[in-house]
Amino acid sequence: MNTLFENPLPIYALGIVLGTFCGLAFLARRNLPALLSFVGIVLFTLLMIVVERVVVTEGEEVESTTIDLMGSLEKNDLPGVLAHIAPAATRVRSEAEVLMPLVQIKDTGAGSIQVEVDTSLQPFQAQSEFQAKVDGIHSRSGVRLFYFDRVQVTWTKQADRWLLTDYVPLDNGRPISAVESLRNKQPVTR
């Protein structure tokens with residue numbers, strides 16, 4: 001059912017197909033039941049589109065949090081980035097505190113976000129993977145840093161917020177260490 005609320009395409013497709021059949025039936029018969037069927041399908045489709053817009057699923061919350069996190073990175077806002085990281089994720093928090101001063105970020109992006117939420121665990125857990133773009137300048141060497149590859153992220157839901165607990169940047173499908181790359185003054189490149 002979440003798929004229906006995360007993607008309006010099935011709603012549009014079903015509404016168009018059923019609306020077309022009912023519209024053709026009305027044009028062929030020109031009677032009240034066919035007209036009422038057509039109007040009912042159109043109203044039901046519109047209602048489902050409104051419901052899809054209003055209902056925010058756990059997966060959509062993770063997507064939104066990912067975009068917010070990337071926005072905080074782009075603003076070079078360390079407190080904003082730390083606010084998206086779970087307090088128990090000490091490694092990730094310390095990496096953010098090390099990495100953020102090393103790079104002046106100019107542009108970020110997150111695309112093709114794929115999310116799998118596990119609501120059977122308490123608290124809820126999620127795994128996401130997305131195409132990340134980070135463009136910046138290494139503050140010590142002045143070298144341009146550009147990362148454009150996939151990132152895998154583990155999330156946990158705490159107090160109605162999704163917080164990052166772990167992340168793995170990839171380089172051509174292989175995990176890399178962003179901290180080591182930056183400490184050695186070598187940009188994370190593709």
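A salt bridge is taken here as a side-chain nitrogen of Lys or Arg lying within 4 Å of a carboxyl oxygen of Asp or Glu. In this predicted model, that criterion links Glu58, Glu61 and Lys157 in a network of salt bridges, which is the subject of the first view.

**View 1. A salt-bridge network joins Glu58, Glu61 and Lys157.** A search of the whole structure finds seven salt bridges, one of which is formed by lysine 157 with glutamate 61, with 3.1 Å between the closest N and O atoms. This pair links distant parts of the chain, since lysine 157 belongs to strand β3 and glutamate 61 to helix α4 (residues 58-74), 96 residues apart. Lysine 157 counts as buried because its relative accessibility is 14%, whereas glutamate 61, with a relative accessible area of 24%, is partly exposed.

**View 2. Two further salt bridges involve aspartate 107 with lysine 133 and aspartate 135 with arginine 144.** The side chains of aspartate 107 and lysine 133 meet at 2.4 Å, N to O. Aspartate 107 lies in strand β1 and lysine 133 in strand β2 (residues 125-138), so this salt bridge ties together parts of the chain that are 26 residues apart in sequence. Both partners are partly exposed, aspartate 107 with a relative accessible area of 27% and lysine 133 with one of 25%. In the other salt bridge, the side chains of aspartate 135 and arginine 144 meet at 3.0 Å, N to O, and aspartate 135 counts as buried at 16% relative accessibility.

**View 3. Five strands make up an open antiparallel sheet.** The strands follow the order β1-β2-β3-β4-β5. Strands β1 (103-118) and β5 (174-175) stand at the edges and have a single partner strand each, so one side of each is left without a neighbour in the sheet. Strands of a sheet pair through backbone hydrogen bonds, in either a parallel or an antiparallel sense. Here β1 and β2 run antiparallel and are joined by 13 bridges, with glycine 111 standing opposite glutamine 131 in β2. Strand β3 (residues 144-158) and strand β4 (residues 161-171) also pair in the antiparallel sense, over eight bridges, and glutamine 158 stands opposite arginine 161 in β4.

**View 4. The hairpin between β1 and β2 passes through six residues and the loop between these strands contains proline 123.** A cis peptide bond joins glutamine 122 and proline 123, with omega at about -5°. Serine 112, found in strand β1, has a phi near 50°, a positive value in a residue other than glycine, and counts as exposed at 53% relative accessibility. A positive phi near 65° is also given by aspartate 160, whose place is in the loop between β3 and β4 and which is exposed, with a relative accessible area of 68%. As background to these features, most residues other than glycine have a negative phi, and most peptide bonds are trans.

**View 5. Valine 151 is a buried residue of strand β3.** Its relative accessible area is 9%, which is under the 20% limit and therefore counts as buried. Leaving aside neighbours within four places in sequence, valine 151 is in contact with Ser128, Glu129, Phe130, Ala132, Val168 and Pro169.

**View 6. Phenylalanine 146 and phenylalanine 148 form a stacked aromatic pair.** The structure holds one aromatic pair. The ring centres of phenylalanine 146 and phenylalanine 148 are 6.4 Å apart and their planes stand at 15°, so the pair is stacked. Phenylalanine 146 counts as partly exposed at 30% relative accessibility, and phenylalanine 148 is partly exposed as well, with a relative accessible area of 36%.

**View 7. A nonpolar surface patch of about 690 Å² includes leucine 32.** The patch is made by Leu32, Leu35, Leu36, Phe38, Val39, Val42, Leu43 and Leu46. Leucine 32 lies in helix α3 (residues 32-54) and counts as exposed because its relative accessibility is 54%. Leucine 32 and valine 151 of the fifth view are 119 residues apart in sequence and 56 Å apart in space, C-alpha to C-alpha.

Conventions: Residues numbered from 1 in each chain as written. Predicted model: local features only at pLDDT ≥ 70, side-chain atom pairs only at ≥ 80, totals over all residues. Heavy atoms only, no water. Patch = residues over 30% accessible without salt bridge, like charges linked within 9 Å, V, L, I, M, F, W, Y side chains within 5 Å. Areas by Shrake-Rupley, 256 points an atom, 1.4 Å probe, with all protein chains shown as cover. Helix = DSSP H or I, 4+ residues; strand = E, 2+ residues; numbered from the N terminus. Buried < 20%, exposed > 50% of the residue type's maximum accessible area, 1.4 Å probe, protein only. Phe/Tyr/Trp six-rings, centres within 6.5 Å; stacked < 30°, edge-to-face > 60°. Pairing = 2+ DSSP bridges. Contact = heavy atoms within 4.5 Å.
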